[in-house]
Amino acid sequence: YKKPESLGDWDALPNTHETNWAELFFDLIFVALLVEVALILVKSIAEESKHIEAWLYFSIFIIVQSAWYQRGLYVNTFAATSFFHKLVDLLEGCVLTIMGAV
């Protein structure tokens with residue numbers, strides 16, 4: 001396990017962080033998951049009688065959006081290049097893909 005390194009000196013001028021393909025792929029996974037979650041809301045509106053599905057939508061949306069936000073903060077703050085971090089990224093992508101498929 002290698003401790004993540006900071007991407008920059010926060011007292012200096014802000015540095016630019018270039019996006020890599022893995023970050024774009026994870027953004028795509030999050031967007032696809034949010035589309036699948038939005039279908040819950042569409043189904044709830046179409047049936048008009050089940051408000052529990054709307055509450056389910058909002059609770060899942062908050063969880064997914066929070067995870068996306070936290071991942072963005074982490075990726076843009078630290079340079080985690082160890083095998084362990086890459087494995088955790090892969091595991092997170094698999095879990096999100098399974099969430100979207102179910």
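Two salt bridges are counted in this predicted model, a salt bridge being a side-chain nitrogen of Lys or Arg within 4 Å of a carboxyl oxygen of Asp or Glu. The model is a prediction in which local features need pLDDT of at least 70 and side-chain atom pairs count only at pLDDT 80 or more, whereas totals for chains, interfaces and linings use all residues. Residues are numbered from 1 along each chain as its sequence is written, and side-chain values use heavy atoms, with hydrogens and water left out.

**The salt bridges**

One salt bridge joins the side chains of Asp89 and Arg71, at 3.0 Å from N to O. This pair links distant parts of the chain, since Asp89 belongs to helix α3 and Arg71 to helix α2, 18 residues apart; helices here are DSSP runs of H or I with at least four residues, strands are runs of E with at least two, and both are numbered from the N terminus. Arg71 also forms a salt bridge with Glu92, where the closest N and O atoms are 3.7 Å apart. Because Glu92 lies in helix α3 and Arg71 in helix α2, this pair ties together parts that are 21 residues apart in sequence. Through shared partners, the salt bridges join Arg71, Asp89 and Glu92 into one network.

The table gives relative accessibility for residues of α2 and α3, with buried meaning under 20% relative accessible area, exposed over 50%, and partly exposed in between (1.4 Å probe, protein chains only).

| Residue | Relative accessibility | Class |
|---|---|---|
| Arg71 | 10% | buried |
| Asp89 | 23% | partly exposed |
| Glu92 | 23% | partly exposed |
| His85 | 11% | buried |
| Val75 | 16% | buried |
| Leu87 | 44% | partly exposed |

**Other residues of α2 and α3**

His85 is placed in helix α3, and its side chain makes a polar contact with the side chain of Tyr74 at 3.4 Å. A polar contact is a pair of N or O atoms within 3.5 Å; within protein, one must be able to donate a hydrogen and the other to accept it, and residues adjacent in sequence count only if both atoms are side-chain atoms. Val75, in helix α2, is 56 residues from Thr19 in sequence, while their C-alpha atoms are 9.5 Å apart in space.

Leu87, which lies in helix α3, forms a nonpolar surface patch with Phe83 and Leu90, and together they have about 350 Å² of accessible area. Patches are made of residues with over 30% relative accessible area and no salt bridge, like charges being joined within 9 Å and nonpolar side chains (Val, Leu, Ile, Met, Phe, Trp, Tyr) within 5 Å. Accessible areas come from the Shrake-Rupley method with a 1.4 Å probe, and for residues only the protein chains shown count as cover.

**Helix α1 and the whole chain**

Helix α1 (residues 21-47) has 27 residues and reaches 40 Å from its first C-alpha to its last, close to the expected 39 Å, the expected span being 1.5 Å times one less than the number of residues. Its buried residues are Glu23, Phe26, Ile29, Phe30, Leu33, Leu34, Val37 and Ser44, and their cover includes α2 (52-77) and α3 (83-101).

The protein chain has three helices and two strands, running β-α-α-β-α from the N terminus. Of its 102 residues, 21% are buried. Among contacts (heavy atoms within 4.5 Å) between residues at least 6 apart in sequence, 69% join residues at least 24 apart. The protein chain exposes about 7900 Å², of which carbon and sulfur atoms supply 70%.
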